[in-house]
2 protein chains.
Amino acid sequence: MATLADVARRAGVSPATASRVINGSSKPVADELRERVLRAVADLRYVPNAHAQLLARPQRSVVGVVVHDVSDPYFAEVTRGLQRVATERGRLLIICNSYRDPVRELEYVELLRGQQVAAIVLAGSGYHDAAFTTLLNEKLAAYEATGGRVAVIGRHDHFGDAVMPANATGGELIGRELLRLGHRRVGVVAGPRVLTTITDRLTGLRRALAEQGVELPDQRIRYADFDRDGGARATAELLDTSPAPTAIVALNDSMAVGALALLRARGVRVPEDVSVLGFDDMPIAADVTPTLTTVRLPLVEMGVRAMALALDPTSGSPRVETLPAELVRRDSTGPAPA
Amino acid sequence: MATLADVARRAGVSPATASRVINGSSKPVADELRERVLRAVADLRYVPNAHAQLLARPQRSVVGVVVHDVSDPYFAEVTRGLQRVATERGRLLIICNSYRDPVRELEYVELLRGQQVAAIVLAGSGYHDAAFTTLLNEKLAAYEATGGRVAVIGRHDHFGDAVMPANATGGELIGRELLRLGHRRVGVVAGPRVLTTITDRLTGLRRALAEQGVELPDQRIRYADFDRDGGARATAELLDTSPAPTAIVALNDSMAVGALALLRARGVRVPEDVSVLGFDDMPIAADVTPTLTTVRLPLVEMGVRAMALALDPTSGSPRVETLPAELVRRDSTGPAPA
DNA sequence: CGCTCCCAGGAAAGCGCTTGCCTGGCGCGA
DNA sequence: TCGCGCCAGGCAAGCGCTTTCCTGGGAGCG
């Protein structure tokens, strides 16, 4: 690897001059020397060692993002928003997947801290685990104490800046819609029990139903993996309870798609026999059959806001932005069968 | 930010000793000192400055990935494969989105080079642009000259290690299937013209059709954005040609989904009136209605192989692995209408 | 009791870069 | 002609860490 010294030698100047030319320093340099340095850079295919640069001039221009799983459409959308803002502001993004493993999440935070990133964005639900939360908060606090910025998306973990989707409200929207359609036996396909997002959505749903005296007994809630297959499996279990629910609420769209697939396989008509609702309004929701009634979350916008929070110098106390949820009615829901 | 020196001071030892304790160096250190250092680390919440470490002991443990767009399911799957292997081997992954912009791609390669990453993986089609290709190759060559490893997925750009999906073969599979079903008027929803992947798939398709004397005139090929909406738009155009095609081949599944949506909106029955085929076999392909006939590419496997290539010390000449394509018959295709 | 050997721990160099400070040479004015 | 000021360019320190090399002291042996 060519170093600055190599360039300087080849151009017949001092490293200081070479550095100034390369960085476009304000200090003037004679055209001829500049020319020579530039040529040397090109000849040697010199690329500055970012580590050395960052050591000498600690300026943080990289932003780290820790995500549950970018392959998940939910995070794909959020990440798109994060990227957009980061790019606009000339920041490089480092994306890390924790795969919903709190330990790995912690490790990544540590790692990003070591990389001296300008900001850390944590995207994705928090966990019901006090010990973990404490640990995470300590690490984040230590990082912020050194001037790093932290923003979280969709988790209560952290006391600092946050962007929160209205999960509970979304749950309520679903509950009201269900009541409006006359459903009183509701089955829930929930995601992993440990995620706070699940609890929030469930709480909202339960609250809305309770207003009309409809209960949500435990055996009608099935916890499953947050993906298509998990949704299918949980739905199968719900169908086998008796009396079977007339509506199935999946707490994200991937699981809802799984539910739809299973119902089709079993010859159950949607929405005539059973209504199905999702959550998130992922792009696929409009392309499955029947199209999926769901709660829209402004995913890209969440990413945009979070990155803005992370990049803008903090103006005052922790800022929490709550983004609205909105019911999107499509063809997978209908009146409860008589 | 606490530094090693701070830790050493607090523990009453030299930085050298502190460093040895922290890195678990083989050099023995008295238990008491070790103890003191560890406590100081904890008290100070010390995290080593990765840049300084990397400067002092240039060891490359990070792998950089430049991808067209992680939000695209195709790349989401590939990335999953990359991640898996990287994680197994204890490597951190830095994911960068070029958003199909060759210039940004170049910038990211440069940037990763500066970050002294152990390897760079380029995922995604190359471009029909000789100048760009030359530039890219130069940069990659310079990087490899310094001991970096490069692997590419699905592009002919580079002369080094590569994982190639059988794009042309996939095109042929589609062509043969079409002929088998009696289609002779075939419309193609192609992606961006500049991508080599598109050309490859098209070439295979054309070759297969030509074997039975079926032509693919230019006006039956529509270039569009590589996403759902692009697919819908291109399909609309194809429908308006006359005579309209009896089969529509979308060169990726996202566009195929768009095609399906548009056909439904126009009241065209699939597959009775028009057959639709996709490419890639993304997860959604089995969940749309009708389920999508497509060509399966082993996306995750491609990521796995590429990361293996990138991480394993090169054994001999450039290794190119071609992964097979496979036709997946589903409900969106049927015999050509009479 | 004195010597050597060995080992724990510290001093210091150096990784590649930036930048404050200094120097030497030039141009200008008196 | 001499002296001053100014500015381009170089010197060197220092960013935080690792690691080689060295030192001093204790243990073991004669």
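**Note on the predicted model: DNA contacts and aromatic rings**

1. The UniProt record, an unreviewed entry, lists residues 2–57 of chain A as "domain: HTH lacI-type". The structure discussed here is a predicted model. In it, residues 2–57 of chain A are 68% helix and 0% strand, and the C-alpha atoms at the two ends of this span lie 20 Å apart.

2. Which residues come nearest to DNA strand C? There are 27 residues around the strand, and those that come nearest are Leu4(A), Ser19(A), Tyr46(A), Thr17(B) and Lys27(B). Of the atoms of DNA strand C that come within 4 Å of the protein, 63% belong to sugar and phosphate.

3. By residue class, the surface near DNA strand C has 15 nonpolar, 7 polar and 5 charged residues.

4. Some individual polar contacts to DNA strand C can be listed for chain B. Two of them go to phosphate: a polar side-chain atom of Ser14(B) is 3.1 Å from a phosphate oxygen, and a polar backbone atom of Ala30(B) is 2.7 Å from a phosphate oxygen. Arg20(B) instead reaches a base, with a side-chain N or O atom 2.8 Å from a base nitrogen of the strand.

5. Which elements give two or more residues to the surface near DNA strand C? In chain A they are helix 2 (15–23) and helix 4 (50–56), and in chain B they are likewise helix 2 (15–23) and helix 4 (50–56).

6. Turning to the rings, the whole structure contains 4 aromatic pairs, counted over all chains. One of them joins Tyr74(B) and Phe75(B), with 5.0 Å between centres and 70° between planes, an edge-to-face arrangement. Tyr74(B) and Phe75(B) are both buried.

7. Why is the pair of Tyr127(B) and Phe132(B) edge-to-face? The ring planes stand at 85°, with the centres 5.3 Å apart; planes over 60 degrees apart count as edge-to-face. Tyr127(B) has 6% relative accessibility and therefore counts as buried. Phe132(B) also counts as buried, because its relative accessibility is 6%. The cut-off for buried is under 20%.

8. A charge over a ring is found in chain A, where Arg201(A) lies over the face of Phe279(A), 3.8 Å from the ring centre. In chain B, the charged end of Arg201(B) sits over the ring of Phe279(B), at 3.8 Å from the centre of that ring.

Conventions. Residues are numbered from 1 along each chain as its sequence is written. Chains are lettered from A and ligands numbered from 1 in the order in which they are written. This is a predicted model: local features need pLDDT of at least 70, side-chain atom pairs count only at pLDDT 80 or more; totals for chains, interfaces and linings use all residues. Side-chain values use heavy atoms; hydrogens and water are left out. Rings of Phe, Tyr and Trp (its six-membered ring) pair if their centres lie within 6.5 Å; planes under 30 degrees apart count as stacked, over 60 as edge-to-face and the rest as tilted. Buried means under 20% relative accessible area, exposed over 50%, partly exposed in between (1.4 Å probe, protein chains only). A charge sits over a ring if NZ of Lys or CZ of Arg is within 6 Å of the ring centre and within 35 degrees of the ring normal. A residue is near a molecule or strand if one of its heavy atoms lies within 4 Å of it. A polar contact is a pair of N or O atoms within 3.5 Å; within protein, one must be able to donate a hydrogen and the other to accept it, and residues adjacent in sequence count only if both atoms are side-chain atoms. Helices (H or I, at least four residues) and strands (E, at least two) are DSSP runs, numbered from the N terminus. Ala, Val, Leu, Ile, Met, Phe, Trp, Tyr, Cys and Pro count as nonpolar, Asp, Glu, Lys and Arg as charged, and the others, Gly among them, as polar. UniProt positions are given in the numbering used here, feature names are shortened, and annotations may be inferred rather than shown by experiment.
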